[in-house]
Amino acid sequence: MDLMADIGAADQLTSTRAENAVLSAKVKELTEKVKVLTLENQTLLAEVEMYRKESSLSATTSSSMTATTTTSSSGVVEDEEEEAFVCSGNGVYPTDAAVTLSKLHGISNPLCCALNVNDTILATGGADAKLTLSQWGSALAPTEGAAKKVVETAIKIACDAPVICVGFSQDKSKTELPILAAGCMDGSVKLVGYDDLLELEAKILVADNQVKHGKYVKGLAWSPIEPLLATASADG
């Protein structure tokens, strides 16, 4: 009887171990799903924030393009439409794109962009948690597939969360590598050094004191005369 009891206990222990292995595998699978869902949630939050900004910009544009009224010498009120022209900050832009960099962030939406001080390098941040640098001017070359080549040769740097704001340092000196800052949805700020003298190269810089906010980074700006970076976050 003791032998049969021992065999039964051994079988029960083997069965329990098998069940534990199955449960461990299930826990690991669910953990991976949670990570994916968390990233998707951050992506959606970033896109919602961008949509809010776009709605605000649309309202500003509509009000700035309303016709003005003037009174003639005869006392008759006449409508006078202001001539629309492209000017930084007035909300009036061309309706037709000169060139399109398709799928620079794959199937994800680009959330922000900036040009370097020489207007030669385009940096974009996307909902795919990628920071890209590209020599956008090459896309205007009168050759077939020029824009596609720019997308294929763009440098992509992985970040920990969707990139929602980017900014280039303003220092024009060549004593050090120029720096690009990227603000992310998780509150982190990535600093990237780049060089485009011969060919476009970039690398993540490790600062002594990494910038890490409690909530997503809303904006950043470089000093025009010194290597100082200011960041703003939703954490107040």
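1. Two strands pair here if DSSP finds at least two bridges between them. Helices (H or I, at least four residues) and strands (E, at least two) are DSSP runs, numbered from the N terminus. By that yardstick, S3 and S4 are an antiparallel pair with five bridges.

2. A word on what you're looking at: this is a predicted model, where local features need pLDDT of at least 70, side-chain atom pairs count only at pLDDT 80 or more, and totals for chains, interfaces and linings use all residues. Residues are numbered from 1 along each chain as its sequence is written, and side-chain values use heavy atoms, with hydrogens and water left out.

3. On to the sheet. Four strands make up an open sheet in the order S3-S4-S5-S6, and the pairing is antiparallel. S3 (110-115) and S6 are the edge strands, each pairing on one side only. On average, neighbouring strands of this sheet are turned by 20 degrees against each other, direction ignored; the axes behind that are lines fitted to C-alpha atoms (for helices over the stretch in contact), with angles from 0 to 180 degrees between N-to-C directions.

4. Have a look at glycine 125. Coming from S3, cysteine 112 has glycine 125 in S4 as its bridge partner. Glycine 125 also stands opposite leucine 131 in S5. S4 itself covers residues 122-126 and is joined to S5 by four bridges, antiparallel again.

5. S5 (residues 130-134) is mostly covered, with four of its five residues buried. Buried means under 20% relative accessible area, exposed over 50%, and partly exposed in between (1.4 Å probe, protein chains only). S5 also pairs with S6 (residues 155-158), antiparallel and over four bridges. One contact to check there is threonine 132, whose bridge partner in S6 is lysine 156.

6. Now the backbone angles. The S4 and S5 hairpin has three residues between its strands, and alanine 129 takes a positive phi near 65 degrees there. That's a positive value in a residue other than glycine. Alanine 129 is buried, with a relative accessible area of 8%.

7. Where is the loop that holds lysine 103? Lysine 103 lies between strand S2 (77-80) and S3. Lysine 103 isn't a glycine either, yet has a positive phi of about 55 degrees. Buried or exposed, then, for lysine 103? Exposed: the relative accessible area of lysine 103 is 64%. I'd view the two residues side by side: alanine 129 is buried, whereas lysine 103 is exposed.
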